[in-house]
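Open the model in your viewer and keep the selection panel at hand. The tour starts at the ligand and ends in the core.

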Amino acid sequence: MAKILDGKIMSEVLRSEIAERVVRLKARGVTPGLAVILVGNDPASEIYVRNKGKGCQEVGIHSETVKLPEDTSQEVLEREIERLNCDPAIHGILVQLPLPAGLDEAAALARILPEKDVDGFHLLNAGRLLTGEAGVIPCTPRGALHMIRQTGRDLNGLEAVVIGRSNIVGKPMAALLLRENCTVTICHSRTQNLKEHTRRADILVAAVGKAGFVTGDMIKPGAIVIDVGINRVDGKVKGDVDFDSAAPVAGWITPVPGGVGKMTITMLLQNTLEAAERMS
Ligand code: NDP
(Lines give C-alpha, C1' and ligand atoms only; values in the text may rest on other atoms or scores of the structure.)
Protein backbone atom coordinates (compact mmCIF):
# COMPACT_ATOMS: atom_id res chain seq x y z
CA MET A 1 0.00 0.00 0.00
CA ALA A 2 1.35 3.43 -0.99
CA LYS A 3 2.72 5.86 1.57
CA ILE A 4 0.74 9.08 1.62
CA LEU A 5 2.53 12.29 0.68
CA ASP A 6 0.56 14.61 2.95
CA GLY A 7 0.39 18.15 1.59
CA LYS A 8 -1.14 19.47 4.79
CA ILE A 9 1.73 18.30 7.01
CA MET A 10 4.42 19.36 4.51
CA SER A 11 2.75 22.76 4.19
CA GLU A 12 2.68 23.26 7.95
CA VAL A 13 6.44 22.63 8.16
CA LEU A 14 7.19 24.94 5.24
CA ARG A 15 4.83 27.65 6.46
CA SER A 16 6.47 27.79 9.87
CA GLU A 17 9.87 28.20 8.16
CA ILE A 18 8.43 30.93 5.93
CA ALA A 19 6.93 32.68 8.97
CA GLU A 20 10.37 32.70 10.67
CA ARG A 21 12.00 34.20 7.59
CA VAL A 22 9.23 36.84 7.40
CA VAL A 23 10.00 37.82 11.01
CA ARG A 24 13.70 38.21 10.12
CA LEU A 25 12.82 40.35 7.10
CA LYS A 26 10.46 42.51 9.16
CA ALA A 27 13.26 43.07 11.66
CA ARG A 28 15.13 44.69 8.76
CA GLY A 29 12.12 46.92 8.08
CA VAL A 30 10.66 44.99 5.14
CA THR A 31 7.19 43.39 5.18
CA PRO A 32 6.72 41.10 2.19
CA GLY A 33 3.62 42.10 0.21
CA LEU A 34 1.45 40.22 -2.26
CA ALA A 35 -1.18 41.82 -4.51
CA VAL A 36 -3.79 39.65 -6.19
CA ILE A 37 -5.80 41.09 -9.06
CA LEU A 38 -9.22 39.54 -9.38
CA VAL A 39 -11.31 40.51 -12.40
CA GLY A 40 -15.01 39.59 -12.38
CA ASN A 41 -17.02 37.37 -10.05
CA ASP A 42 -16.00 33.79 -10.80
CA PRO A 43 -16.94 31.93 -7.56
CA ALA A 44 -14.03 29.44 -7.76
CA SER A 45 -11.55 32.29 -8.30
CA GLU A 46 -13.02 34.16 -5.34
CA ILE A 47 -12.42 31.11 -3.11
CA TYR A 48 -8.81 30.73 -4.38
CA VAL A 49 -8.12 34.42 -3.77
CA ARG A 50 -9.58 34.26 -0.26
CA ASN A 51 -7.40 31.23 0.54
CA LYS A 52 -4.31 33.03 -0.73
CA GLY A 53 -5.14 35.96 1.56
CA LYS A 54 -5.58 33.61 4.52
CA GLY A 55 -2.26 31.92 3.74
CA CYS A 56 -0.49 35.29 3.71
CA GLN A 57 -2.03 36.28 7.01
CA GLU A 58 -0.90 33.00 8.58
CA VAL A 59 2.79 33.66 7.83
CA GLY A 60 2.79 37.46 8.30
CA ILE A 61 2.85 38.47 4.62
CA HIS A 62 0.89 41.62 3.80
CA SER A 63 -1.73 40.91 1.14
CA GLU A 64 -4.18 42.99 -0.80
CA THR A 65 -6.80 42.10 -3.36
CA VAL A 66 -7.50 44.45 -6.22
CA LYS A 67 -11.07 43.69 -7.33
CA LEU A 68 -11.96 44.85 -10.81
CA PRO A 69 -15.40 44.55 -12.45
CA GLU A 70 -16.17 41.91 -15.11
CA ASP A 71 -16.23 44.55 -17.89
CA THR A 72 -12.74 45.90 -17.10
CA SER A 73 -10.81 46.88 -20.23
CA GLN A 74 -7.36 45.55 -21.05
CA GLU A 75 -6.00 49.06 -20.64
CA VAL A 76 -7.35 49.48 -17.12
CA LEU A 77 -6.09 46.02 -16.13
CA GLU A 78 -2.60 46.74 -17.42
CA ARG A 79 -2.57 50.18 -15.78
CA GLU A 80 -3.36 48.47 -12.47
CA ILE A 81 -0.48 46.04 -13.00
CA GLU A 82 1.85 48.97 -13.76
CA ARG A 83 0.77 50.70 -10.55
CA LEU A 84 1.61 47.60 -8.53
CA ASN A 85 4.92 47.18 -10.39
CA CYS A 86 5.89 50.60 -9.01
CA ASP A 87 4.55 50.04 -5.47
CA PRO A 88 7.51 49.38 -3.13
CA ALA A 89 5.24 47.67 -0.56
CA ILE A 90 4.35 44.97 -3.11
CA HIS A 91 6.88 42.25 -3.91
CA GLY A 92 4.57 39.79 -5.62
CA ILE A 93 1.80 40.38 -8.16
CA LEU A 94 -0.61 37.72 -9.26
CA VAL A 95 -3.38 37.98 -11.82
CA GLN A 96 -6.01 35.41 -10.93
CA LEU A 97 -6.76 33.25 -13.96
CA PRO A 98 -8.89 32.69 -15.92
CA LEU A 99 -9.64 36.28 -16.89
CA PRO A 100 -13.11 37.09 -18.27
CA ALA A 101 -13.52 36.57 -22.02
CA GLY A 102 -12.17 39.43 -24.09
CA LEU A 103 -9.14 40.10 -21.89
CA ASP A 104 -5.71 39.06 -23.15
CA GLU A 105 -4.09 36.88 -20.46
CA ALA A 106 -0.70 36.65 -22.14
CA ALA A 107 -0.48 40.43 -22.56
CA ALA A 108 -1.49 40.98 -18.93
CA LEU A 109 1.07 38.49 -17.60
CA ALA A 110 3.78 40.08 -19.76
CA ARG A 111 3.13 43.40 -18.00
CA ILE A 112 4.10 42.06 -14.57
CA LEU A 113 7.69 42.85 -13.62
CA PRO A 114 9.49 39.47 -13.83
CA GLU A 115 10.92 40.03 -10.32
CA LYS A 116 7.37 40.40 -8.96
CA ASP A 117 5.91 37.53 -11.02
CA VAL A 118 5.31 35.16 -8.09
CA ASP A 119 3.22 32.80 -10.24
CA GLY A 120 6.26 32.29 -12.50
CA PHE A 121 4.12 32.63 -15.65
CA HIS A 122 6.05 35.52 -17.25
CA LEU A 123 7.84 34.46 -20.43
CA LEU A 124 11.18 35.46 -18.93
CA ASN A 125 10.69 33.17 -15.94
CA ALA A 126 9.41 30.35 -18.18
CA GLY A 127 12.54 30.76 -20.32
CA ARG A 128 14.82 30.83 -17.29
CA LEU A 129 13.33 27.55 -16.10
CA LEU A 130 14.01 25.93 -19.46
CA THR A 131 17.55 27.26 -19.77
CA GLY A 132 18.41 26.40 -16.17
CA GLU A 133 18.88 29.98 -14.96
CA ALA A 134 17.58 31.12 -11.58
CA GLY A 135 14.05 32.50 -11.83
CA VAL A 136 10.61 32.20 -10.29
CA ILE A 137 9.22 28.66 -10.51
CA PRO A 138 5.44 28.21 -10.91
CA CYS A 139 3.84 27.31 -7.60
CA THR A 140 2.07 24.03 -8.43
CA PRO A 141 5.04 22.25 -10.07
CA ARG A 142 7.34 23.62 -7.37
CA GLY A 143 5.07 22.17 -4.70
CA ALA A 144 4.81 18.87 -6.56
CA LEU A 145 8.59 18.60 -6.80
CA HIS A 146 8.91 19.28 -3.08
CA MET A 147 6.54 16.37 -2.45
CA ILE A 148 8.50 14.10 -4.79
CA ARG A 149 11.73 14.97 -2.92
CA GLN A 150 10.10 14.04 0.38
CA THR A 151 10.11 10.38 -0.72
CA GLY A 152 13.87 10.48 -0.19
CA ARG A 153 14.46 8.71 -3.51
CA ASP A 154 17.47 9.63 -5.64
CA LEU A 155 15.77 11.21 -8.66
CA ASN A 156 18.78 10.89 -10.98
CA GLY A 157 17.89 8.83 -14.04
CA LEU A 158 14.36 7.97 -12.94
CA GLU A 159 11.67 7.70 -15.63
CA ALA A 160 9.21 10.55 -15.14
CA VAL A 161 5.96 10.81 -17.06
CA VAL A 162 3.85 13.97 -16.93
CA ILE A 163 0.31 13.75 -18.30
CA GLY A 164 -0.67 17.26 -19.40
CA ARG A 165 1.22 19.99 -21.23
CA SER A 166 -0.30 23.23 -19.94
CA ASN A 167 1.96 26.23 -19.43
CA ILE A 168 1.04 26.44 -15.76
CA VAL A 169 1.48 22.79 -14.74
CA GLY A 170 2.56 20.18 -17.30
CA LYS A 171 5.38 21.99 -19.10
CA PRO A 172 7.07 23.57 -16.06
CA MET A 173 6.70 20.25 -14.18
CA ALA A 174 8.49 18.45 -17.00
CA ALA A 175 11.22 21.11 -17.05
CA LEU A 176 11.74 20.79 -13.30
CA LEU A 177 12.01 16.99 -13.49
CA LEU A 178 14.48 17.30 -16.35
CA ARG A 179 16.53 19.64 -14.16
CA GLU A 180 16.53 16.85 -11.55
CA ASN A 181 18.07 14.54 -14.19
CA CYS A 182 14.96 12.44 -14.72
CA THR A 183 14.23 10.99 -18.14
CA VAL A 184 11.06 12.89 -18.92
CA THR A 185 8.10 12.05 -21.15
CA ILE A 186 5.22 14.48 -21.63
CA CYS A 187 1.89 12.92 -22.59
CA HIS A 188 -1.21 14.77 -23.81
CA SER A 189 -4.53 14.20 -25.53
CA ARG A 190 -2.88 13.05 -28.79
CA THR A 191 -0.54 10.56 -27.11
CA GLN A 192 -0.97 7.03 -28.40
CA ASN A 193 -0.92 4.04 -26.07
CA LEU A 194 -0.83 6.24 -22.97
CA LYS A 195 -0.72 3.24 -20.66
CA GLU A 196 2.55 2.03 -22.20
CA HIS A 197 4.13 5.32 -21.17
CA THR A 198 2.59 5.59 -17.73
CA ARG A 199 3.48 2.01 -16.79
CA ARG A 200 7.17 2.83 -17.31
CA ALA A 201 7.03 5.79 -14.94
CA ASP A 202 8.94 5.79 -11.66
CA ILE A 203 7.36 9.23 -11.17
CA LEU A 204 3.90 9.80 -12.63
CA VAL A 205 2.39 13.29 -12.53
CA ALA A 206 -1.26 13.60 -13.55
CA ALA A 207 -2.36 17.11 -14.61
CA VAL A 208 -5.24 16.29 -16.92
CA GLY A 209 -8.38 17.78 -15.40
CA LYS A 210 -10.42 14.55 -15.57
CA ALA A 211 -11.58 12.91 -12.36
CA GLY A 212 -10.24 9.39 -11.80
CA PHE A 213 -8.46 9.36 -15.18
CA VAL A 214 -5.37 7.44 -13.97
CA THR A 215 -6.27 3.97 -12.71
CA GLY A 216 -4.17 1.39 -10.89
CA ASP A 217 -3.50 -0.66 -14.04
CA MET A 218 -1.69 2.36 -15.56
CA ILE A 219 0.82 2.57 -12.71
CA LYS A 220 4.20 0.88 -12.29
CA PRO A 221 4.36 -0.91 -8.94
CA GLY A 222 6.20 1.26 -6.41
CA ALA A 223 5.91 4.47 -8.44
CA ILE A 224 5.64 7.97 -6.99
CA VAL A 225 2.19 9.19 -8.08
CA ILE A 226 1.49 12.93 -7.94
CA ASP A 227 -2.12 13.94 -8.48
CA VAL A 228 -2.44 17.58 -9.52
CA GLY A 229 -6.08 17.37 -10.59
CA ILE A 230 -8.81 19.36 -8.90
CA ASN A 231 -12.17 18.30 -10.30
CA ARG A 232 -15.55 18.98 -8.78
CA VAL A 233 -17.83 15.94 -8.98
CA ASP A 234 -21.24 16.03 -7.25
CA GLY A 235 -20.00 18.77 -4.94
CA LYS A 236 -16.85 16.86 -3.97
CA VAL A 237 -13.25 17.56 -5.00
CA LYS A 238 -11.69 14.64 -6.89
CA GLY A 239 -8.20 14.19 -8.28
CA ASP A 240 -7.11 12.97 -11.71
CA VAL A 241 -6.02 9.69 -10.10
CA ASP A 242 -8.45 7.00 -9.03
CA PHE A 243 -7.07 6.75 -5.51
CA ASP A 244 -8.72 3.43 -4.60
CA SER A 245 -7.17 1.47 -7.48
CA ALA A 246 -3.88 3.43 -7.53
CA ALA A 247 -2.91 3.35 -3.84
CA PRO A 248 -2.42 -0.45 -3.62
CA VAL A 249 0.01 -0.31 -6.60
CA ALA A 250 1.93 2.92 -6.05
CA GLY A 251 4.84 3.35 -3.65
CA TRP A 252 3.85 6.91 -2.74
CA ILE A 253 0.73 8.88 -3.60
CA THR A 254 -0.67 12.38 -3.00
CA PRO A 255 -4.31 12.56 -1.84
CA VAL A 256 -6.93 14.97 -3.20
CA PRO A 257 -7.85 17.04 -1.29
CA GLY A 258 -4.89 17.54 1.05
CA GLY A 259 -2.14 17.02 -1.51
CA VAL A 260 -0.70 19.23 -4.22
CA GLY A 261 -3.44 21.88 -3.88
CA LYS A 262 -2.38 22.69 -0.33
CA MET A 263 1.26 22.98 -1.44
CA THR A 264 0.43 25.39 -4.27
CA ILE A 265 -0.53 28.22 -1.92
CA THR A 266 2.44 27.45 0.32
CA MET A 267 4.75 27.84 -2.67
CA LEU A 268 3.07 31.13 -3.53
CA LEU A 269 3.96 32.34 -0.03
CA GLN A 270 7.52 31.07 -0.52
CA ASN A 271 7.84 32.80 -3.91
CA THR A 272 6.54 36.06 -2.40
CA LEU A 273 8.96 35.83 0.53
CA GLU A 274 11.89 35.10 -1.80
CA ALA A 275 10.91 38.02 -4.07
CA ALA A 276 10.90 40.33 -1.04
CA GLU A 277 14.25 38.95 0.15
CA ARG A 278 15.79 39.54 -3.29
CA MET A 279 14.45 43.09 -3.49
CA SER A 280 15.55 44.19 -0.02
P1 NDP B 1 -5.36 22.08 -18.94
O2 NDP B 1 -6.77 21.79 -19.31
O3 NDP B 1 -4.72 23.36 -19.35
O4 NDP B 1 -4.45 20.88 -19.46
C5 NDP B 1 -4.87 19.55 -19.42
C6 NDP B 1 -3.88 18.69 -20.16
O7 NDP B 1 -4.34 17.35 -20.12
C8 NDP B 1 -3.72 19.09 -21.64
O9 NDP B 1 -2.36 19.16 -21.96
C10 NDP B 1 -4.42 17.96 -22.37
O11 NDP B 1 -3.83 17.64 -23.63
C12 NDP B 1 -4.23 16.79 -21.41
N13 NDP B 1 -5.25 15.80 -21.64
C14 NDP B 1 -6.59 15.97 -21.74
N15 NDP B 1 -7.20 14.80 -22.00
C16 NDP B 1 -6.23 13.87 -22.09
C17 NDP B 1 -6.23 12.48 -22.37
N18 NDP B 1 -7.36 11.81 -22.62
N19 NDP B 1 -5.05 11.83 -22.39
C20 NDP B 1 -3.90 12.50 -22.14
N21 NDP B 1 -3.84 13.82 -21.87
C22 NDP B 1 -4.99 14.49 -21.86
O23 NDP B 1 -5.30 21.90 -17.36
P24 NDP B 1 -4.24 22.45 -16.26
O25 NDP B 1 -2.88 21.98 -16.57
O26 NDP B 1 -4.48 23.87 -16.03
O27 NDP B 1 -4.79 21.68 -14.98
C28 NDP B 1 -4.83 20.26 -14.91
C29 NDP B 1 -5.55 19.86 -13.64
O30 NDP B 1 -4.83 20.35 -12.53
C31 NDP B 1 -6.95 20.42 -13.49
O32 NDP B 1 -7.75 19.49 -12.79
C33 NDP B 1 -6.75 21.67 -12.64
O34 NDP B 1 -7.91 22.01 -11.90
C35 NDP B 1 -5.66 21.17 -11.73
N36 NDP B 1 -4.84 22.23 -11.16
C37 NDP B 1 -4.51 22.08 -9.87
C38 NDP B 1 -3.71 22.99 -9.24
C39 NDP B 1 -3.36 22.75 -7.82
O40 NDP B 1 -3.03 23.68 -7.12
N41 NDP B 1 -3.38 21.49 -7.36
C42 NDP B 1 -3.22 24.18 -9.93
C43 NDP B 1 -3.52 24.19 -11.34
C44 NDP B 1 -4.33 23.24 -11.92
P45 NDP B 1 -3.82 18.67 -24.88
O46 NDP B 1 -2.76 19.66 -24.58
O47 NDP B 1 -3.50 17.81 -26.04
O48 NDP B 1 -5.19 19.27 -24.92
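Which helix gives the most residues to the shell around the ligand? Select α10, residues 260-279: this helix contributes three. Helices here are DSSP runs of H or I with at least four residues, numbered from the N terminus.

Before going on, note that this is a predicted model, where local features need pLDDT of at least 70, side-chain atom pairs count only at pLDDT 80 or more, and totals for chains, interfaces and linings use all residues. Residues are numbered from 1 along each chain as its sequence is written, and side-chain values use heavy atoms, without hydrogens and water.

Now show the residues around the ligand (a heavy atom within 4 Å). There are 21, and Arg-165, Ser-166, Ser-189, Ile-230 and Thr-264 come nearest. Colour the shell by class: nine residues are nonpolar, ten polar and two charged. Gly counts as polar in this scheme.

Next, the polar contacts (N or O pairs within 3.5 Å). Pick Ser-189: a side-chain N or O atom sits 2.5 Å from a ligand oxygen. At Val-228, a backbone N or O atom is 3.3 Å from a ligand nitrogen. At Asn-231, a polar side-chain atom is 3.4 Å from a ligand oxygen. The protein covers 71% of the 930 Å² that the ligand has accessible on its own (Shrake-Rupley, 1.4 Å probe).

Last stop: the largest nonpolar core, with 49 residues. Its members are buried (under 20% relative accessible area) and joined through side-chain atoms within 4.5 Å. Select Ile-148, Met-173, Leu-177, Ile-203, Val-205 and Ile-226, which touch the most other members. Helix α10 supplies the largest share, eight residues. Domain 1 (29-114) and domain 2 (139-261) both contribute, so this core lies between them. The domain bounds come from an automatic or database assignment.

Technical notes. Polar contact = N/O pair within 3.5 Å; in protein donor to acceptor, adjacent residues only side chain to side chain. Helix = DSSP H or I, 4+ residues; strand = E, 2+ residues; numbered from the N terminus. Buried < 20%, exposed > 50% of the residue type's maximum accessible area, 1.4 Å probe, protein only.
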